[in-house]
Amino acid sequence: MNNPLTIKVFSDGAVLDTMLKDLDTGLVTGFTTNPSLMKKAGISSYLGFAQEVLSHIKDYPVSFEVFADDIIGMRQEAKRIAELGDNVYVKIPVVNSKGQSTASLIKELSEQGIKLNVTAIFTLDQVREVVEHLTAGVPAFVSVFAGRIADTGVDPMPLMAEAVQICHQKAAIALLWASPRETFNIYQANQLGVDVITCTSDLIAKLSLRGKDLEHYSLETVQAFLADSKSLGFKILEDENLPS
């Protein structure tokens, strides 16, 4: 696939050293975090972590998610998070844990000029509702979890293709492909005209393989297998009493 990559690649994680390493690749132009990633990284202070990240990353979008499960709490947290920096996007889930839509809050915050990243979107109906409630011209990401959709056996490509058209009906609204499962998803998203894709550090690293000669890659793979077997000291014929 030789077409140029126009999609923006964001690093998804909650380990500052890894985030900065990804930034140094020159491929990453934004960052996303979430409560699950923070738990995995052992973050003990939400605001402390956010402030440390923003002291290093000032020129690229960084998304931080609310923790509250009710509209009042989400509103309060969203406003506090937004105050942390001009490059901050506040992540609001499309529904709370009870399945209640957050559309009214999305509308309110967007009208106030708060940059949003509406997350955990899985359906086109959700995409339409979110875009309807976002204010044109106020930057926002509409994060569709294409990878998790694919996990259910559903091809996310048709959904994402239509989501591109819906999001681009309003200025400054960007479609974000979330939860990719392989580096090829970056090329798929790019082909559709998706604006942003969030990737773990290991997927970003594999972008260096773009255009690699496959025969040479085959040879390198065999050489790696051989090196590993030698390092382990495997001996098939001497390990067992095999018939001659």
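The following paragraphs lead from the barrel of this predicted model to one helix that packs on it.

The barrel is closed by eight strands, which follow one another in the order β1-β2-β3-β4-β5-β6-β7-β8 with parallel pairing. Direction ignored, neighbouring strands of this sheet are turned by 30° against each other on average. One of the pairings joins strand β7, residues 173-177, to strand β8, residues 196-199, in the parallel sense and over two bridges; within it, Leu176 has Val196 of β8 as its bridge partner.

Helix α4, formed by residues 71-82, packs on the sheet, where it touches β3 (62-65) and β4 (88-93), and the direction of α4 makes about 165° with that of β4. The length of α4 can be checked against an expected value: at 1.5 Å a residue, its twelve residues should span 16 Å, and because the C-alpha atoms at its ends are 16 Å apart, the two values agree.

Which residues of α4 are buried? Gly73, Met74, Ala78 and Ile81 are buried, with under 20% relative accessible area. These buried residues cover an arc of only 130° around the axis, which means that they lie on the same side of α4. The spacing along the chain can be read with a general rule in mind: an α-helix has 3.6 residues a turn, so residues three or four places apart point the same way. What covers the buried residues of α4 includes β3 and β4, together with the helices α3 (46-56) and α5 (103-111). On the other side of α4, by contrast, Ile72 and Gln76 are exposed, with over 50% relative accessible area.

Definitions and conventions: Residues are numbered from 1 along each chain as its sequence is written. This is a predicted model: local features need pLDDT of at least 70, side-chain atom pairs count only at pLDDT 80 or more; totals for chains, interfaces and linings use all residues. Side-chain values use heavy atoms; hydrogens and water are left out. Two strands pair if DSSP finds at least two bridges between them. Helices (H or I, at least four residues) and strands (E, at least two) are DSSP runs, numbered from the N terminus. Axes are lines fitted to C-alpha atoms, for helices over the stretch in contact, and angles run from 0 to 180 degrees between N-to-C directions. Contact means heavy atoms within 4.5 Å. The expected span of a helix is 1.5 Å times one less than its number of residues. Buried means under 20% relative accessible area, exposed over 50%, partly exposed in between (1.4 Å probe, protein chains only). The arc is that of the directions from the helix axis to the C-beta atoms.
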